[in-house]
Amino acid sequence: MSVVSALLNRRVARGCGRLWSGVPRPLTHIRSASVAEPGTRRSDEEQLWEAAGHPLFTRARIGSFFQEKAVLKNPFLEDALLQGYLRRHLPQEVVFSDLCAFGERVAKEVDGWGRECEVNPPRLVHFDPWGRRVDHIVTSEAWRRMKDLSAQEGLVAIGYERSFGEWRFDRCFTTFSSLACVLYFSLTNSFCPCLIGCIFCVIGCFSRVYQMSKLYIYCPSSGLYTCPLAMTDGAAKVIQSIGVSWPVEEAYSRLTTRQPELFWTSGQWMTERQGGSDVASGTETVAVPQTDGSYKLHGFKWFTSATDADMTLTLARVQDRMGATAPGSKGLSLFYAEVSRDEDGRLRGIEVQRLKDKLGTRQMPTAELLLDGLPAHRLSDEGRGVASIANMLTITRIHNSVSAASTMRRVLQLARDYATRRTAFGKLLKDHPLHMQTLARMEVETRGAFLLVMDVCRLLGREESGIATQLDTHLLRLLTPVVKLYTGKQAVAVVSEGLESFGGQGYIEDTGLPGLLRDAQVLSIWEGTTNVLSLDVLRCVARSSGMVLHAYFTHVKSLLAGASSVSSLAPAVKAVDGSLSELEEFVQGAATRGQSYLELAARDLAYSLARIYTGALLIDHACWKGASPSDSYAALRWCERDLCPVAAKQKRGYYDSRTPPLDAALVCDQPTEG
């Protein structure tokens, strides 16, 4: 008798065969993931099945292979470009030690909190057990830890402490003034008053670079807590620009403190049901004056991010004695309100209607709010609300850009690590040239985005420190919408490619990878869509009478001049210089055309501005004495693309007057009858 026959007979004798419609039911192999515990003795029956070369009857092996996951290492130590940029611009060792320690904390502790925020999103509790309306937004413990961490690490405070400056006097003084100060010191053995003044004016010039570098490390692990931090930073900036005095003096100190028990976050309640970016015509909220000089707000805020904030800035229309309000942007004023509860636990003047069910950013509470007599104070002059939030938009758009660049960097760091762990077709992914080519293309995009973002941060720091030239000011105004719109689009493309590099695992929710893509999608929407910001670029050009473009051309040419003697970069320099000439030619020609022509070209113009400027920055970075061969290679690869799409499309007639009706007909094309 064979081994198998003996085993089957034993099974039947034990009564394992069951009748099914009068016929003995056939034995079935049941697959199970269970395996014998180490040290346990297998039965004779199991040994018989193995001897027969068949899988176990009651349990089956699942195999010994398990794919290693990608490991998040210290994001600061893993980022050669970030370290190189900071060595070039921030030589203080204290910055490096802080970022290194923070990067270690992010990898070992904070990233886990971010994942907890993702799997335990906020929920809204309208009523207490006794039926009283409470409108509690319940967030995870990890979300609350993020708030304490943000204060402790100074993620907002650094930008206002002005503790770090560009201690590079070659950028701050003329040769004459520097020699004069040295001579004064040699004669008096004390510092020249003008030197002391210059030192204090440059303190903080690079505080923004330091702050944004820290946020760059933190963002992908923050569980989206960088969003309330962006609005908090924006609110602090607005208060600072208006004047730190009552009633916002305490609020400012809380927004910029490092003490967790005192730290506040701010909301930004602008969007109403009629529209997002068009606040001038879309704002219906009214402000009713009170006898004590304060106001009560009544309206409906359709989209309020970080609704669990401690305070908010918002727009409303002041009612006159007859109850009338002024239309348009001239009727809007800026208001400050604290979010508080009365003695019964109810929100004062606020009802939370519902939380938004979003594609991504689910970690953060976003709600629809009914303002029903919310106590508030007017911060701006009446009718100057839109102008007063300009500084806030600058800050939040820069934060958005930092988030875009950091998300690109994070998915690339994980993909790079995974390439050293995943074997396919007989070798590791890192040994497949096509795979590494794909990652290299992602790296070029990420490097370009990083340098573009950091240059805008540098310009912001110079403006805030009072040492910005007119050229700096013009560049900051032009590049803020450009960097936001371009990096937002880059992030979606790069993160999508990054997920693909993980194969099927990139599509599985519990790896945490799909959340990167869902969250990246908001970056091209929040604080102005791509088209809205492209039109903002046109407004910027018009309001400055073209001076912002003059500053742009001047600065790009100066960056290229510094690389004129580096032969290895000659192809990149030639490409940027040629594209810059094409852009100048387009601008000169477009100036003679109508407004509709420019509006059609606005998006491509913004992309051209971003690509050319980024190419110049990559070239400039590849020229400094600490640059690596990879810096040069990245510059060359970036400049191989079409750097000036607006010129190429102009030649094809994309912006001619016949194009809009053709576009509309194409979009609205309907099937013909019959």
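**Close-up views of a predicted model**

**View 1. Meet the busiest members of the largest nonpolar core.** Of the 155 residues in this largest core, Tyr218, Tyr552 and Ile619 touch the most other members. α21 supplies the largest share of the core, 15 residues. Here, a nonpolar core is a set of buried Ala, Val, Leu, Ile, Met, Phe, Trp, Tyr and Cys residues joined through side-chain atoms within 4.5 Å. Buried means under 20% relative accessible area, exposed means over 50%, and partly exposed is in between (1.4 Å probe, protein chains only). There's also a second, separate core of 16 residues, and Leu297, Ala316, Phe335 and Leu371 are among them.

A quick note on the model: it is predicted, so local features need pLDDT of at least 70 and side-chain atom pairs count only at pLDDT 80 or more, while totals for chains, interfaces and linings use all residues. Residues are numbered from 1 along each chain as its sequence is written, and side-chain values use heavy atoms, with hydrogens and water left out.

**View 2. Zooming in on Ile619.** Who does Ile619 contact, leaving aside its neighbours within four places in sequence? The partners are Leu560, Ala563, Leu569, Ala572, Val573, Val576, Ala635 and Cys639. Contact just means heavy atoms within 4.5 Å.

**View 3. Helix α21, with a kink.** This helix covers residues 595–623. (Helices are DSSP runs of H or I with at least four residues, strands are runs of E with at least two, and both are numbered from the N terminus.) Its 29 residues should span 42 Å at 1.5 Å a residue, and the end C-alpha atoms are 40 Å apart, which agrees; the expected span is 1.5 Å times one less than the number of residues. There's a kink of about 55 degrees centred on Ala602, where the bend is the angle between axes fitted to the seven residues ending there and the seven starting there. Because 21 of the 29 residues are buried, α21 is largely enclosed by the rest of the structure.

**View 4. Where α16 meets α19.** On the α16 side, Leu471, His474, Leu475, Leu478 and Leu479 meet Met547, Val548, Leu549, Ala551, Tyr552, Thr554 and His555 in α19.

**View 5. Leu428 in a strand.** Leu428 sits in strand β13 (residues 427–428). Is Leu428 buried or partly exposed? Leu428 is partly exposed, with a relative accessible area of 23%. Leaving aside neighbours within four places in sequence, Leu428 contacts Ala419, Thr420, Arg421, Arg422 and Thr423.
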